[in-house]
Structure formats: C-alpha cells, structure tokens
Amino acid sequence: MSKGAQTRKVILQVAFELTYRNGYQNTSIDDILKKTHVTKGSFFYHFKNKDQMGLAMVDEILYPGMKKVMIEPLLDSNKPIEELKAMMKGLLFANSFFDIRYGCPAVNLIQEMASVSKDFNTRLKKLSNEWKKAISAVVDKARENNTIDRSHKSEDVALYIIAGYGGVRNLGKLYGKGSYDQFYREFVLYLEGL
C-alpha cells in the first residue's frame, strides 16, 4: 500500500472511531487531524470536504465491517432460526469493537445523518437493505422447510428484527448490558414462536 493510500486509510479509521464516540456532526476535521497528525493539506488532498470523507468512511470502513457481522453470518443458511439467533448474539455480545455506551455505529449514523443528508441516507440505506435482504432470505428458507409458519412475511420479520436491534442498541446506552440480555431472551422466544 502506498504512503498516500495508508494516510487516507488512517484518516478514515480515526474519523470512524471519533464519529462512533462523539457523533459525526460533533467530530471536526481538526479533531481528526489532531489524532492522526496529518496536515490539513494532506486531508484536503484526499477529500474535498468533511462530507466526502464521511461518505468514504461509510463506504470503506463502516459498510465492510458491518457486512461482515450482519450479513455474512446469514449467507448459505442451513439452520435458519439458529443462524438468526447466532447473528444477533454475535452483534450484541461478541463484537469487541462495539461499546455499549456508544451503541451501534451504523444505527447512530442513521439517526444522525439519514434525515439531513440525501447522500448519507443513500449510503446507509444500502447496508440496511442488504441486511434486510439477507434476513429475508433466511426467513424464506425457514418457511420453505416449515421451520416457521408460512403466514409470516419474510420482509416483515426482517424489518422487525432490524428495528429491534436498533432499539436495543440505543436503549443499551441508557440501561447497559442487562438490556441486551433481556432483548436477546425475548428475541429467541420470538424466533421460536414464528
């Protein structure tokens, strides 16, 4: 990797970490520069402005990382209900980067930026749509093998799961890990009752 590519990657990684802890709008270019020791000229060589950097952060840092923990565990599903449980358990309890105090970086960005920036909305919707599609495919497989009742629409179940995840990640900021435990117990009962 060239020095320029490495500098760009460092900027995006630090921007992601600061955004996760402080919010996108509360993270300034100067905050990023201070932590990376990159010059302002170097920053603007790589990005025209903060939003261009923010969109690159979504595309190159957030999206691949979230895809790995939200979507990939559901591909090639053989035991649909068990894989949905494992995916949620991994998201809530096994991801060492996620800090309960700060919630989920994707959910946070959706709340903060989706309504104020069409570009952010489009980028963040891409991840959400892919996750919904992956969950729907797992639910369809469970419907086909009669693991769940066929009356449940796969897209409805997927939206319910995504909404529940987003909600508990936010409530965890208030109530701590216990809320994850409570949610996961009910999530398992929900899946088993389908």
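# Questions on a predicted model

Q: Which residues form a nonpolar patch on the surface, with about 370 Å² of accessible area together?
A: In this predicted model, local features need pLDDT of at least 70 and side-chain atom pairs count only at pLDDT 80 or more, while totals for chains, interfaces and linings use all residues. Residues are numbered from 1 along each chain as its sequence is written, and side-chain values use heavy atoms, without hydrogens or water. A nonpolar patch joins side chains of Val, Leu, Ile, Met, Phe, Trp or Tyr within 5 Å, from residues with over 30% relative accessible area and no salt bridge, and the areas come from the Shrake-Rupley method with a 1.4 Å probe, where only the protein chains shown count as cover. The members of this patch are Leu-171, Leu-174 and Tyr-175.

Q: Does Leu-174 count as buried or exposed?
A: Leu-174 lies in helix 8, which spans residues 154–175; a helix here is a DSSP run of H or I with at least four residues, numbered from the N terminus. A residue is buried under 20% relative accessible area, exposed over 50% and partly exposed in between (1.4 Å probe, protein chains only). Because its relative accessibility is 65%, Leu-174 counts as exposed.

Q: Why are the buried residues of helix 2 said to be on the same side, and what arc do they cover around the axis?
A: Helix 2 runs over residues 29–36, and its buried residues are Ile-29, Ile-32, Leu-33 and Thr-36. The arc that they cover around the axis is narrow enough to put them on the same side of helix 2, the arc being that of the directions from the helix axis to the C-beta atoms. On the other side of helix 2, by contrast, Lys-34 and Lys-35 are exposed. The buried residues share a side because their arc is only 100 degrees.

Q: Which helices are included in what covers the buried residues of helix 2?
A: The residues to be covered are Ile-29, Ile-32, Leu-33 and Thr-36, and contact means heavy atoms within 4.5 Å. What covers these residues includes helix 1 (3–22), helix 3 (40–46) and helix 4 (50–70).

Q: Which residue follows helix 2 with a phi that is positive?
A: Helix 2 covers residues 29–36. The residue that comes after helix 2 has a positive phi, near 60 degrees, and it is His-37.

Q: Leaving aside its neighbours within four places in sequence, which residues is Asn-108 in contact with?
A: Asn-108 is found in helix 6, which spans residues 105–113, and it counts as buried because its relative accessibility is 14%. Once its neighbours within four places in sequence are left aside, Asn-108 is in contact with Tyr-20, Tyr-102, Gly-103, Asn-170 and Lys-173.

Q: How are the rings of Phe-43 and Phe-44 arranged as a pair?
A: The structure holds 10 aromatic pairs, where rings of Phe, Tyr and Trp (its six-membered ring) pair if their centres lie within 6.5 Å, and planes under 30 degrees apart count as stacked, over 60 as edge-to-face and the rest as tilted. The rings of Phe-43 and Phe-44 have centres 5.2 Å apart and planes at 80 degrees, so this pair is edge-to-face. Phe-43 is buried at 0% relative accessible area, whereas Phe-44 is partly exposed at 38%. The arrangement of the pair is therefore edge-to-face.

Q: Which residues do ring pairs link into a cluster?
A: The rings of Phe-93 and Tyr-180 have centres 6.4 Å apart and planes at 70 degrees, so they form an edge-to-face pair. This pair links distant parts of the chain, with Phe-93 in helix 5 (residues 80–94) and Tyr-180 in helix 9 (residues 177–193), 87 residues apart. Phe-93 is partly exposed at 31% relative accessible area, while Tyr-180 counts as buried at 0%. The cluster linked by ring pairs consists of Phe-93, Tyr-180, Phe-183, Tyr-184 and Phe-187.

Q: How many residues apart in sequence are the parts that Asp-59 and Arg-123 tie together?
A: The whole structure has 8 salt bridges, each a side-chain nitrogen of Lys or Arg within 4 Å of a carboxyl oxygen of Asp or Glu. One of them joins the side chains of Asp-59 and Arg-123 (3.0 Å, N to O). Asp-59 is partly exposed at 30% relative accessible area, as is Arg-123 at 28% relative accessibility. Because Asp-59 lies in helix 4 and Arg-123 in helix 7 (residues 118–144), the pair ties together parts whose separation in sequence is 64 residues.

Q: Which residues are linked in a network of salt bridges?
A: Arg-8 and Glu-60 meet in a salt bridge (2.5 Å, N to O), and so do Asp-181 and Lys-177 (3.1 Å, N to O). Asp-181 and Lys-177 both lie in helix 9, 4 residues apart, about one turn of the helix. The residues linked in a network of salt bridges are Glu-82, Lys-85 and Glu-192.

Conventions
Helix = DSSP H or I, 4+ residues; strand = E, 2+ residues; numbered from the N terminus. Patch = residues over 30% accessible without salt bridge, like charges linked within 9 Å, V, L, I, M, F, W, Y side chains within 5 Å.
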